[in-house]
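Here's a quick tour of a structure, written for someone who likes to know the cut-offs. Have a look at the sequence and the model, then read on.

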Amino acid sequence: MAETRVFCVGRNYADHAREMGASGREDPFFFMKPASALLRGPTLAYPRDTADLHHEVELVVALGRGGADLETEEALELVSGYGVGIDLTKRDRQAELKEKGHPWERAKAFDHSAPISAIGPVLGHPSEGFIRLSVNGTVRQNGDLSQMIWKPSEIIAALSRIWTLQPGDLIFTGTPAGVGPLQRGDAVLAEIERVGRLELRVA
Ligand code: MN
């Protein structure tokens, strides 16, 4: 299997796009994280270089096959499973980078910026169901997969027209509204209906 790549979709839920100051009517877009961003353990060390670390709960699509120039109708044939991920973001750094028109890696692609659950098998392709995140028992994000602007099949097809997709690729599909800061000591629970759950402790 090729080395894991992590593709991410930005602003794929209109209510989150609006909370970030966009109109919610622009197309979503792609960015990437390196394999070193993945965190499969239950503990996150609060990262350096930020005082405003934000959570973004996201459906993760795992690819078991590759392909290029796919049609939407055939895209889901590449999927080997789904999981729950958190796209951790240094919001203070991201705001500075946006202001300067600079790339986002410093804010999005740092070590352990992509905690993920185990990837479960495909038990039907999820297109609806709750996606939520709570911190210390308080619900912060509470959306539904049906709110995605680009569906997983459309995301895969669009990615495949830019990159040749490979087995092992992971895709973070965007977050609903309610993103907010994490503090040391926080207990985070991210859940997606019929997909799985991810527990994370911030140390
Ligand atoms: Mn995100």
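## The metal site

Which residues coordinate the manganese ion? Glu56 (OE), Glu58 (OE) and Asp87 (OD) do the job, at 2.0 to 2.2 Å. Donors here are N, O and S atoms within 2.8 Å of the metal (3.2 Å for Na, K and Ca), and since water is not among the atoms, sites may look incomplete. Written as a sequence pattern, the donor residues are spaced E-x1-E-x28-D. Glutamate 56 sits in the loop between β5 (53-55) and β6 (57-63), and aspartate 87 in the loop between β7 (79-86) and β8 (89-90), so the pair ties together parts that are 31 residues apart in sequence. Helices (H or I, at least four residues) and strands (E, at least two) are DSSP runs, numbered from the N terminus.

Before going further, some housekeeping: this is a predicted model, where local features need pLDDT of at least 70 and side-chain atom pairs count only at pLDDT 80 or more, while totals for chains, interfaces and linings use all residues. Residues are numbered from 1 along each chain as its sequence is written, and side-chain values use heavy atoms, with hydrogens and water left out.

## Salt bridges

Side chains of opposite charge can pair when their charged atoms come close. The structure holds 13 salt bridges, each being a side-chain nitrogen of Lys or Arg within 4 Å of a carboxyl oxygen of Asp or Glu. Glutamate 56 turns up again here: its salt bridge with arginine 91 has the closest N and O atoms 2.9 Å apart. That pair links distant parts of the chain, with glutamate 56 in the loop between β5 and β6 and arginine 91 in helix α3, 35 residues apart. Glutamate 56 is buried at a relative accessible area of 4%, and arginine 91 is buried at 9%. (Buried means under 20% relative accessible area, exposed over 50%, partly exposed in between, with a 1.4 Å probe and protein chains only.)

Aspartate 49 and lysine 90 also meet in a salt bridge, at 3.9 Å from N to O. Aspartate 49 lies in the loop between β4 (43-44) and β5 and lysine 90 in strand β8, so this pair ties together parts 41 residues apart in sequence. Aspartate 49 counts as partly exposed at 30% relative accessibility, whereas lysine 90 counts as buried at 5%. Both belong to a salt-bridge network with Asp92, Arg93, Glu96 and Arg106.

## The cavity

The count comes to one cavity of 30 Å³ or more, with a volume of about 120 Å³ for the largest. A cavity is a set of points on a 1 Å grid over the protein atoms alone where a 1.4 Å probe fits but cannot get out, and lining residues have an atom within 4 Å of a point. Points are joined across faces, edges and corners, and the volume is the space filled by probe spheres set on them.

What lies nearest the centre of the largest cavity? Of its 17 lining residues, Gly10, Arg11, His16, Glu56 and Lys108 do. α3 gives the most to the lining, with three residues.

## Around glycine 174

Glycine 174 lies in the loop between β12 (170-172) and β13 (180-181) and is buried, with a relative accessible area of 0%. Glycine 174 and arginine 11 are 163 residues apart in sequence, yet 6.3 Å apart in space, C-alpha to C-alpha.

Notes
On a 1 Å grid over the protein atoms alone, a cavity is a set of points where a 1.4 Å probe fits but cannot get out, and a pocket is an open set with protein on both sides within 12 Å along at least five of seven lines; lining residues have an atom within 4 Å of a point.
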